[in-house]
Amino acid sequence: MGRSHRHEFDAVIVGSGGAGLYAALEASRVRGNRTAVISKLLPIRSHTGAAQGGIGAALGNLEEDQPQWHAFDTVKGGDYLVDQQAASILADDAVQAVYDLERRGLPFSRIEDGKIDQRRFGGHTRNFGEAAVRRSCYAADRTGHMILQTLYQQCIKNEVAFFDEFHLIDILFEGRKCTGVVALELATGDIHVIHAKAVLIATGGFGRMYRTTSNAYANTGDGLAVLLRRGVPLEDMEFFQFHPTGIRGMGILITEGVRGEGGILRNRAGDRFMERYAPTLLDLAPRDMVARAMTMEIQAGRGILGDPAVDDYLYLDATHLGREVLEKKLPDIADFCRTYLSLDPAENAIPVQPTAHYGMGGIPTDLDGRVVATGSGGLYEGLYAAGECACVSVHGANRLGTNSLVDLIVFGRRAGRHMADFVRQADFGAIPDDALAMQDVLARANKKPHDAHAEKIRTSMKTIMMDKVGIYRTGKALDEAVQELRGLRHEVAEVGVGDTSRSYNNDLLELLELQNLLDLSLITAASAAQRQESRGAHAREDFSERDDDAYLHHTLTWLDGGSVRFGKKSVDLSIWEPKPRVY
Amino acid sequence: MNIVLRIKRYNPETDEAARFQDFTIAAEPADRLLDCLMLIKRTMDGTLSFRKSCAHGVCGSDAMTINGVERLACKTLVQDVAEEEGAVVTVEPLRSLPVQRDLMVDYTRFFEAYRVVKPFLFPVAKVEEGENIQAPEVRKKFDDPTKCILCASCQSACPVIVEGKDFLGPAAIVQAARFVFDSRDEGIAPRLDVLGAPNGAEACEGHFECTRVCPRGIKVTKNINLTKRAVKQFKEKDD
Ligand SMILES: Cc1cc2nc3c(=O)[nH]c(=O)nc-3n(C[C@H](O)[C@H](O)[C@H](O)COP(=O)(O)OP(=O)(O)OC[C@H]3O[C@@H](n4cnc5c(N)ncnc54)[C@H](O)[C@@H]3O)c2cc1C
Ligand code: SF4
Ligand code: FES
């Protein structure tokens with residue numbers, strides 16, 4: 001193993017996606033604050049850049065819209081597991097967030113009068129559910145790319161300090177006070193201990209635990225797993241969203257924006273089957289409902305192949321939109337179809353299957369991004385989280401499309417601001433004695449014999465998650481998944497790294513990522529097993545109804561060695577009373 | 001079908017010089033070349049090094065030279081580069097950028113050039129409330145360069161750079177063009193020293209190789225030519 005280095009910063013941000021970069025911009029606004037961003041990818045490679053369809057905000061540029069409608073849709077979309085004040089902040093601040101991005105140069109698509117264009121998206125409605133509303137602000141179908149570029153540009157302008165290709169491996173605590181992070185420098189294999197008054201985790205999603213996913217290779221949930229091992233709880237991990245329209249077999253995302261522009265899902269008979277499942281919103285019902293409807297169609301033998309025993313699929317029909325609209329509003333989607341399916345979406349329907357997309361759960365935080373330690377709301381000091389890895393919670397049991405990008409900007413900003421103020425009056429804590437504990441772990445990994453075992457474990461994990469912790473779940477399958485994942489966690493501890501080089505040892509990083517995914521898979525399966533109801537994206541065949549009496553609370557999960565421990569956290573229901581969820 | 005990936009290998013810790021290594025694998029015509037590289041890495045040789053992330057052509061991590069042409073491995077299907085059973089596909093790192101290990105190259109200088117063009121908005125107007133107004137036709141003028149993912153394919157393919165001449169590079173100018181033609185930005189003025197320098201836009205010799213390889217379909221040369229013209233007009237106006 002390499003040498004070790006020490007650094008000192010007031011604030012350290014881990015992750016350079018939309019959430020991390022926005023927080024960095026806020027934190028670096030305060031003169032005298034020394035802020036550093038570390039990221040395992042070059043910043044502009046972050047998965048925020050893959051977001052396609054848009055960012056939701058009630059600008060009302062094309063028709064009447066109001067933030068409170070947006071907030072209500074968010075709460076209902078999340079099947080009432082959303083914290084309602086958080087949802088109100090999300091919807092209120094979204095408007096300013098979009099204007100702010102626009103003024104910083106984001107090239108939104110425009111309407112004739114020169115204002116930002118807006119399109120329809122799933123679950124976003126006018127007047128508390130009357131009909132679909134045009135709320136999603138977009139830049140063609142590369143909205144995330146433009147957000148990431150714009151924020152990175154602003155960070156360059158503000159001379160934010162970046163540590164690119166530094167991989168977070170540990171987070172340091174003195175009791176409940178966070179005192180820094182430990183990272184592995186990819187280029188040298190050296191270990192860096194970064195002493196800090198405050199740390200913000202923005203490491204993004206963890207969809208790579210599933211076989212079919214829209215997520216990047218880098219989405220391995222490192223920040224969550226590292227915190228979990230340091231005794232920090234995670235919230236609502238049983239809720240994982242499947243996006244209805246992934247390219248068949250590959251999982252590459254086809255944005256909901258296609259349906260927002262008028263695209264229709266069809267079964268083998270050519271029927272618009274969503275008419276039977278969501279008569280008002282049809283194809284623009286929330287994702288959990290559409291993904292379930294697709295599964296039902298396939299189970300009933302109405303998939304395109306007509307055989308539920310095989311990996312069947314359905315069609316997303318956008319042919320009636322015409323080539324001009326497709327090329328203008330959805331050019332990347334058209335390009336993906338040509339590249340990966342040799343198909344022209346103006347001529348042929350797109351073969352789609354649900355794809356694992358977004359973790360609603362994550363690191364529990366308060367409204368300022370401060371990490372929560374207990375069910376009663378006790379906080380860590382100097383520890384923040386924002387973005388997909390965090391759980392505020394504004395997505396509850398099911399996220400609405402366009403709300404993640406809003407989450408990044410609104411809560412990335414709030415967390416960054418709070419952190420900037422905090423470090424001005426805070427002191428440095430002590431670096432604990434075991435700060436370099438991970439160095440030994442890495443050194444050991446390099447001594448074990450290497451074979452293709454890691455890949456076998458990875459494949460098993462992805463298959464278990466897909467088959468047993470997927471769209472529909474049963475107690476029996478979940479219990480099996482928990483047992484099997486426990487076994488895989490033992491097995492992975494014995495896997496060695498074949499690559500003994502110090503610099504650019506990706507083999508070692510992939511093993512660390514696999515270990516992280518296994519811990520999160522276990523937590524996800526175990527959380528799903530204990531929630532004996534169906535809510536949002538968590539659909540239990542053996543408990544098919546929502547059960548507000550027993551389960552209208554957030555799940556907190558701790559990992560103590562190999563065993564999973566649960567706690568509860570109450571849901572903020574201060575604005576709207578839970579109602580049955582029909583669309 | 002079976003294909004052979006002939007991969008250029010180099011590990012500065014152990015190798016004196018770069019060498020080619022063949023890997024024979026079973027692949028489907030519709031597999032991505034990135035899938036093939038992952039298969040090798042995860043089941044045959046864990047030391048094989050390359051960058052990757054999104055796996056669908058939007059993050060810019062895995063630009064490399066495939067059968068002599070710059071491409072993203074995740075946006076190249078086996079059928080695009082291997083026609084028959086046993087076909088050999090040659091995979092090398094990008095040209096002109098220093099090799100770090102195997103297919104990984106050092107982007108430090110590439111991003112330095114990016115920074116130099118000041119790739120951020122210099123607002124012409126301070127908007128107090130709401131948004132800037134920009135008509136769709138005006139927005140369209142700089143749509144093309146907004147697609148750039150900074151993959152460096154164009155940089156690698158540029159004959160001017162391959163010959164070692166002093167040139168800022170196509171990607172940096174594309175990034176500048178994204179602002180120069182944005183009605184909300186001050187345009188050339190804050191970037192004149194860089195774009196108008198001898199190694200700026202005018203150093204482009206118009207080979208069109210960048211345009212040919214750009215995985216985002218950006219008309220790179222056209223953007224450079226438009227920038228050249230804008231610099232010229234700006235200088236004339238200033239005289
Ligand atoms: C294909 C696709 C399309 C989407 N479209 C939309 C959309 O239209 N609208 C919407 O609202 N949402 C959309 N989403 C969801 C949304 O894009 C993501 O949830 C969001 O971008 C996540 O942002 P983030 O900043 O939290 O994380 P990311 O952008 O994923 O960034 C994570 C960062 O953490 C770093 N990191 C990770 N691990 C480590 C480590 N160990 N050490 C150091 N650094 C680390 C990475 O390098 C990266 O910089 C989409 C998602 C996908 C996959
Ligand atoms: S212009 Fe094209 S080839 Fe050049 S860096 Fe940008 S995306 Fe890559
Ligand atoms: S992996 Fe992102 S462009 Fe290929």
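This briefing describes a helix pair and an enclosed cavity in the structure above. The model is a predicted one, and two topics are taken up here, namely the packing of helix α12 of chain A against helix α15 of chain A and the second largest cavity, to whose lining α15(A) also contributes.

**How the two helices pack**

- Helix α12 of chain A covers residues 437–445, while helix α15 of chain A covers residues 506–530, and the axes of these two helices lie 11 Å apart.
- The packing angle between the two is about 115 degrees, and because angles from 65 to 115 degrees count as roughly perpendicular, α12(A) and α15(A) are described as roughly perpendicular to each other.
- Where α12(A) passes α15(A), the crossing is right-handed.

**Which residues meet between the helices**

- From α12(A), the residues A:Met438, A:Leu442 and A:Ala445 meet A:Leu508, A:Leu511 and A:Leu512 of α15(A).
- The residues of this contact comprise six nonpolar ones, with no polar and no charged residues.

**The second largest cavity**

- The count of cavities of 30 Å³ or more comes to 13, and the second largest cavity holds about 280 Å³ of space.
- Its lining is made up of 18 residues, and those nearest the centre of the cavity are A:Lys40, A:Leu41, A:Leu186, A:Asn506 and B:Lys52.
- Helix α15(A) supplies four residues, which is the largest share of the lining of this cavity.
- By residue class, the lining of the second largest cavity divides into eight nonpolar, three polar and seven charged residues.

Notes:
Residues numbered from 1 in each chain as written. Chains lettered and ligands numbered in written order. Predicted model: local features only at pLDDT ≥ 70, side-chain atom pairs only at ≥ 80, totals over all residues. Heavy atoms only, no water. Axes fitted to C-alpha atoms, helices over the stretch in contact; angles between N-to-C directions. Parallel < 35°, antiparallel > 145°, perpendicular 65-115°, else oblique. Left-handed = near helix turned anticlockwise from the far one by under 90°. Contact = heavy atoms within 4.5 Å. Nonpolar A, V, L, I, M, F, W, Y, C, P; charged D, E, K, R; others polar. 1 Å grid on protein atoms, 1.4 Å probe; cavity = no way out; pocket = protein on both sides within 12 Å on 5 of 7 lines; lining within 4 Å. Points joined across faces, edges and corners; volume = space filled by probe spheres on them.
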